[in-house]
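Here's a quick tour of where the ligand goes and what lines the empty space in this model. Have the structure open and follow along.

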Amino acid sequence: MGILEGKKLLITGVLMDSSIAFHVAKIAQQEGATVVLTSFGRTMKITQTIAKRLPETPAVIELDVANQEHLDTLAERLREHVDGLDGVLHSIGFAPQGAFNFMEGTWEDVSTALQISAYSLKSLTAATLPLMPEGGSVVGLTFDAKFAWPVYDWMGVAKAAFESTNRYLARDLGSKDVRCNLVAAGPIRTTAAKSIPGFEQFEKIWDERAPLGWDVNDPVPAAKACAALLSDWFPATTGEIVHVDGGVHAMGQ
Ligand code: NAD
């Protein structure tokens, strides 16, 4: 029996088959879950095409996390496909190019990064909570926000807010027996990563520092950790950040 047998999961963030979320969806289906995907705007068609590469083609519903109407109607639209949710994957990140220059980034750039990449963890969780019974699991993806990295700049600040949001959600949802955890992944060559100017600097850091080694073309280790956190195998873990980074976070240099 798979670790996600019978689970119903909402998985955001499938854009291409390089997306971390694509691999979470694939593993989830292989482990017995029913999956519903979200996408939005012009990327809906791309997601629908990529979804056909999964073991079973899932439904794709529209969700732009900056669109309050999409959020307000999400539970109702999800009910057309599933009668409840056991887990939600937040795999969403966006910052305007200006946010990748710390001293020059405007509030407009920064506020967009914060809304889409941090606040959305709360919005998405609140929108799906009516469908989540006790034992539900919310999982998101971060890039370790303890440090000031090269080039990450206001996206790094947004990830720090995202990590804090995870802890506050854990505080407020614990009494409903809903867990909220993050996976801190090392650098992976996805569409979002390619939009970061100078992303190759991370690849160099991971080449030099990962005791286990690190493959920037392999989203599977991060995806497996997400699947594990969505399962019943972490029943007493919430507000946590699990590092899937080849060990870089633990090294002094
Ligand atoms: P990706 O480009 O494949 O996925 C990003 C997703 O965010 C896309 O599906 C995009 O449609 C979605 N998105 C953007 N704006 C949105 C909005 N307004 N509403 C709804 N969805 C929106 O890239 P990825 O690397 O798989 O990113 C997934 C998550 O993993 C992000 O949170 C990212 O920060 C995180 N992460 C990535 C890396 C990496 O190196 N790739 C490392 C650590 C963490």
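What follows covers the ligand, its pocket and then the cavity.

Keep in mind that this is a predicted model.

**The ligand and its shell**

Let's start with the ligand, which sits in the largest pocket. A shell of 27 residues surrounds the ligand, and the closest of them are Ser19, Asp64, Lys159, Ile188 and Thr190. By class, that shell has 17 nonpolar residues, eight polar ones and two charged ones.

Which elements each supply at least two residues of the shell? Those are β5 (137-142) and α6 (191-194). Of the elements, α6 gives the most, with three residues.

Here are some polar pairings to look for between ligand and protein:

| Ligand atom | Protein partner | Distance |
|---|---|---|
| oxygen | isoleucine 20, backbone N or O atom | 3.0 Å |
| nitrogen | aspartate 64, side-chain N or O atom | 2.9 Å |
| nitrogen | valine 65, polar backbone atom | 3.0 Å |

So much for single atoms; now for the ligand's surface. On its own, the ligand has 830 Å² of accessible area, and the protein covers 93% of that. Aspartate 64 turns up twice in this picture: its side chain makes the 2.9 Å pairing with a ligand nitrogen, and Asp64 is also listed among the closest shell residues.

**The pocket around it**

Now zoom out to the largest pocket, which holds about 1200 Å³ of space. It is lined by 44 residues, and Ser91, Ile92, Gly93, Phe94 and Ala192 are the closest to its centre. Several elements give two or more residues to this lining, namely α1 (20-30), β2 (34-39), α4 (107-128), β5, α5 (153-173) and α6. Once again α6 comes up, with the largest share of the lining at three residues. Sorted by class, the pocket lining has 24 nonpolar, 17 polar and three charged residues.

**The cavity**

How many cavities of 30 Å³ or more does a search of the whole structure find? Just one. About 40 Å³ of space lies in the largest cavity. If you'd like to find it, select Phe143, Asp144, Trp149, Ala184, Ala185, Gly186, Trp206, His243, Asp245, Val248 and His249, which line it. That lining splits into six nonpolar, three polar and two charged residues.

Note on methods. Residues are numbered from 1 along each chain as its sequence is written. This is a predicted model: local features need pLDDT of at least 70, side-chain atom pairs count only at pLDDT 80 or more; totals for chains, interfaces and linings use all residues. Side-chain values use heavy atoms; hydrogens and water are left out. A residue is near a molecule or strand if one of its heavy atoms lies within 4 Å of it. A polar contact is a pair of N or O atoms within 3.5 Å; within protein, one must be able to donate a hydrogen and the other to accept it, and residues adjacent in sequence count only if both atoms are side-chain atoms. Accessible areas come from the Shrake-Rupley method with a 1.4 Å probe; for residues, only the protein chains shown count as cover. On a 1 Å grid over the protein atoms alone, a cavity is a set of points where a 1.4 Å probe fits but cannot get out, and a pocket is an open set with protein on both sides within 12 Å along at least five of seven lines; lining residues have an atom within 4 Å of a point. A molecule sits in a cavity or pocket if more than half of its atoms lie within 2 Å of its grid points. Helices (H or I, at least four residues) and strands (E, at least two) are DSSP runs, numbered from the N terminus. Ala, Val, Leu, Ile, Met, Phe, Trp, Tyr, Cys and Pro count as nonpolar, Asp, Glu, Lys and Arg as charged, and the others, Gly among them, as polar. Grid points are joined across faces, edges and corners, and a volume is the space filled by probe spheres set on the points.
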